[in-house]
Amino acid sequence: SSASMRILASMPSRTIGRNLGAIISQYCNRTAQLRCRSRRPPLQQLCRAARPSLRQYDLETDSARATLEDKRSLLVKELLSLSSSQCSQVLLTMPVSLAEKRTLKRSLRRQRGPLRQCAQHWAPSSPCGWSKVYIVLVSQGHRLTQRPSGLQCRLQPQCSPHFPSPQGCRGLWYRLLSLLRTAQPWHYALKQISGRFGSSVLSYFVFLKTLLMFNFFSFLLLLAFVVVPQAVYPTVSASPWPFTSLELLTGAGYFTHSLLYYGYYSNVTLNDPCTSSPKGSACPLAAPLLLYNVPLAYLFSVGFSFLVTCVLLVYSVARSFRESVGSSVGPLAIKVFCAWDFKVIQRRSVKLQCENICTQLKELLVQHRSRSWSRWQCLEHYIVLLLAWVLALGSVLGCALAVYYFSKHMHVGSGRWQQQAILLLLPFVVSLLNALMPHLFNLLAMWENQDSPVTQVYVAISRNLILKTAVLILLCSQWLNRSVVCSTEECWETCVGQDLYRFMVMDFIFTLLDTFFGELIWRLILEKRLKTKQRPEFDIARNVLELIYGQTLTWLGILFAPLLPAVQMLKLLLLFYIKKTSLMQNCQSPSKPWQASHMSTMFITLLCFPSFLGAAVFHSYTIWSVQPSETCGPFRGLETIYKSGKRWVLVLEKSNPSITWFTWVHQHLLENTCLLFVASWVLMAVIYFKIQMVKGHRRVICLLQEQIAKEGEDKRFLIQKLHSVHKQRGT
């Protein structure tokens with residue numbers, strides 16, 4: 001009614017936009033608080049009914065006390081004392097018209113013009129001069145009144161001869177931070193991808209960048225403490241085989257006796273004169289200052305690499321969960337007002353994103369709508385789902401049996417080319433199955449006809465993950481049982497490292513073939529033959545699973561091939577540029593609804609628990625239970641790899657009896673299995689409490705959303721009460 005509209009129009013929130021003087025006075029007070037907060041009198045000294053800022057500046061909203069121009073000039077004066085970023089932020093948040101903001105900006109520009117001209121007279125002309133100014137400013141901590149020697153600056157009489165204020169230092173620091181941000185690897189490329197295809201496709205390349213960081217850390221650690229010391233003190237002669245191009249595919253031949261594999265590394269203490277002296281002769285009396293135990297360095301470098309990677313992964317999972325807490329699928333209003341990805345700028349991607357949002361809205365409507373199915377329809381749907389899963393699991397079992405058959409019936413031939421072909425046969429079969437089975441799973445998904453596209457995505461990821469996990473478990477069991485194709489003079493650890501190298505190379509080759517035939521050739525067929533404007537979609541889930549599979553191979557082989565992270569780094573670098581080029585030229589955004597926060601959380605979780613945890617269990621069993629080779633490697637002649645640490649502790653106790661406490665710590669803490677169980681329980685408790693915290697945050701978010709809805713109902717209730725009160729007064 002008109003009475004209710006009059007009451008609503010008299011509310012403070014409706015009148016603040018009309019009184020321009022009140023707005024200018026309010027923001028004048030804000031800028032004064034930013035400028036000199038410490039100079040203000042405390043609030044206890046002022047009357048509670050008065051606004052401290054207005055009383056200090058003698059400003060009121062009444063035009064009789066101060067005109068609009070006075071308030072505007074005072075606001076401009078206060079804005080001049082702020083930095084450019086703070087001034088822009090204040091003007092951006094002011095609820096005034098654009099014309100008023102332009103007026104304030106023009107006034108600021110006129111006032112700042114003479115100040116900038118004055119500053120340009122004494123400003124150093126070279127970057128070296130500016131660096132000298134800031135170094136002197138930081139070292140002394142106050143303004144200098146004398147001109148430093150070597151600075152070519154001209155001071156005008158009307159300008160202040162002082163050096164830049166701390167605000168200038170802050171501006172320089174912000175510029176350096178922006179330069180560091182732009183200096184990040186692939187900064188412009190990632191912005192270009194996000195602008196054309198959105199944050200969902202960007203999540204794949206960010207995940208690839210994360211894997212590159214993990215491999216770089218592992219490679220740097222192993223290079224510094226294992227590879228470089230062994231390269232400085234080589235103990236094995238040169239490789240007897242000449243280098244050919246086949247070694248790049250098989251990893252055998254010339255690479256067998258190299259720093260790439262486990263068998264090359266020695267079990268001696270480097271820089272020890274006793275090991276270098278001939279047998280029967282006495283050791284020199286003067287011992288060197290630095291002794292380097294290669295087995296211990298090998299074991300601790302691999303262990304520390306896994307430990308730090310575990311910490312980084314747990315931190316990444318926790319951060320990703322925290323970021324995705326508030327981004328869960330909510331009511332329809334959240335999808336309508338908050339679902340747009342503002343990084344998308346290309347017309348085709350914008351159209352696809354519109355279709356994605358429409359699909360999500362339809363999905364939410366279907367979920368809210370009660371679907372009436374008869375019993376026969378429900379039974380038919382569940383039978384189809386059961387048969388699809390039976391076929392999927394049966395195909396996974398068939399793939400595992402095929403891999404087992406090929407690994408058991410492979411025999412090394414007599415010819416050189418025949419040997420190389422047999423070595424590449426098993427990686428070829430595994431990579432072929434990994435490339436073909438996802439298409440079968442897509443056919444099963446079409447037969448299932450799931451209502452929710454998100455459910456289709458999760459089902460496809462689950463089936464592909466089961467396939468890769470089953471094949472890797474089978475291969476790991478064969479490697480631990482030493483059922484590998486290997487010659488008698490080679491270490492079985494070296495043969496395992498060569499197998500993992502071949503699997504990585506073959507996986508990269510199949511990725512290139514899939515990119516060429518599945519994206520480039522298919523795009524040409526669609527454009528030239530079928531005469532359509534559609535392009536192949538970029539399958540985010542399958543590409544990310546391929547990255548996780550390759551990273552799992554790297555973690556499995558880091559004990560048997562210390563330089564395998566370098567191979568993975570080279571593979572990831574090539575994949576980034578190849579995938580980026582193919583994406584820009586051949587692909588379009590996926591039509592399935594993707595939420596970048598949820599997908600990133602799921603990807604990093606899959607990388608942590610099935611992938612990294614499986615590799616850690618594999619290496620733990622190898623170190624504690626499997627006997628190493630007796631003729632080669634840093635742990636030759638030992639029952640297990642773990643015995644090397646125990647032997648080192650005994651040698652340390654004999655050489656220096658004053659540190660027997662270290663032996664006690666090793667015996668009662670490290671060798672005691674109770675400590676491992678306690679640490680495992682503590683880790684599980686931390687994970688449990690973290691999960692409960694995330695659930696609590698989600699519950700609080702739901703309560704806040706409900707409170708917001710109730711506040712809207714309160715407003716409606718108050719309006720009805722106001723209307724009824726007006727009716728009563730009228731009668």
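How are helix 21 and helix 22 oriented to each other, roughly parallel or roughly antiparallel? They turn out to be roughly antiparallel to each other (angles over 145 degrees count as that, and under 35 as roughly parallel). The close-ups below come from a predicted model, in which local features need pLDDT of at least 70, side-chain atom pairs count only at pLDDT 80 or more, and totals for chains, interfaces and linings use all residues. Residues are numbered from 1 along each chain as its sequence is written, and side-chain values use heavy atoms, with hydrogens and water left out.

**View 1. Helix 21 packs with helix 22.** Here residues 540-557 form helix 21 and residues 564-586 form helix 22 (helices are DSSP runs of H or I, at least four residues, numbered from the N terminus). Their packing angle is about 165 degrees, and their axes sit 9 Å apart (axes are lines fitted to C-alpha atoms over the stretch in contact, with angles from 0 to 180 degrees between N-to-C directions). The two helices make a right-handed crossing, meaning that the near helix is turned clockwise from the far one by less than a right angle. On the helix 21 side, look for N543, L547, G550, Q551, L553, T554 and G557; they meet L564, P565, Q568, K571, L572, L575 and K579 of helix 22 (contact means heavy atoms within 4.5 Å). Sorted by class, that contact has six nonpolar, six polar and two charged residues.

**View 2. Helix 18 packs with helix 19.** Helix 18 covers residues 425-448 and helix 19 covers residues 453-480; the angle between them is about 155 degrees and their axes are 9 Å apart. That makes this pair roughly antiparallel too. Helix 18 passes helix 19 in a right-handed crossing. Among the helix 18 residues in the contact are L433, M437 and F441, and helix 19 brings residues including V459, L467 and V471. By class, the tally is twelve nonpolar, two polar and three charged residues.

**View 3. T601 pairs up with S320.** T601 belongs to helix 23, residues 596-625. With 6% relative accessibility, T601 counts as buried (under 20%, using a 1.4 Å probe and protein chains only). Its side chain joins that of S320 through a polar contact of 2.6 Å (a pair of N or O atoms within 3.5 Å, one able to donate a hydrogen and the other to accept it).

**View 4. K531 has a positive phi.** Find K531 in the loop between helix 20 (492-529) and helix 21. Its phi is near 55 degrees, a positive value in a residue other than glycine. K531 is exposed, at 66% relative accessible area (the cut-off is over 50%).

Notes: Parallel < 35°, antiparallel > 145°, perpendicular 65-115°, else oblique. Nonpolar A, V, L, I, M, F, W, Y, C, P; charged D, E, K, R; others polar.
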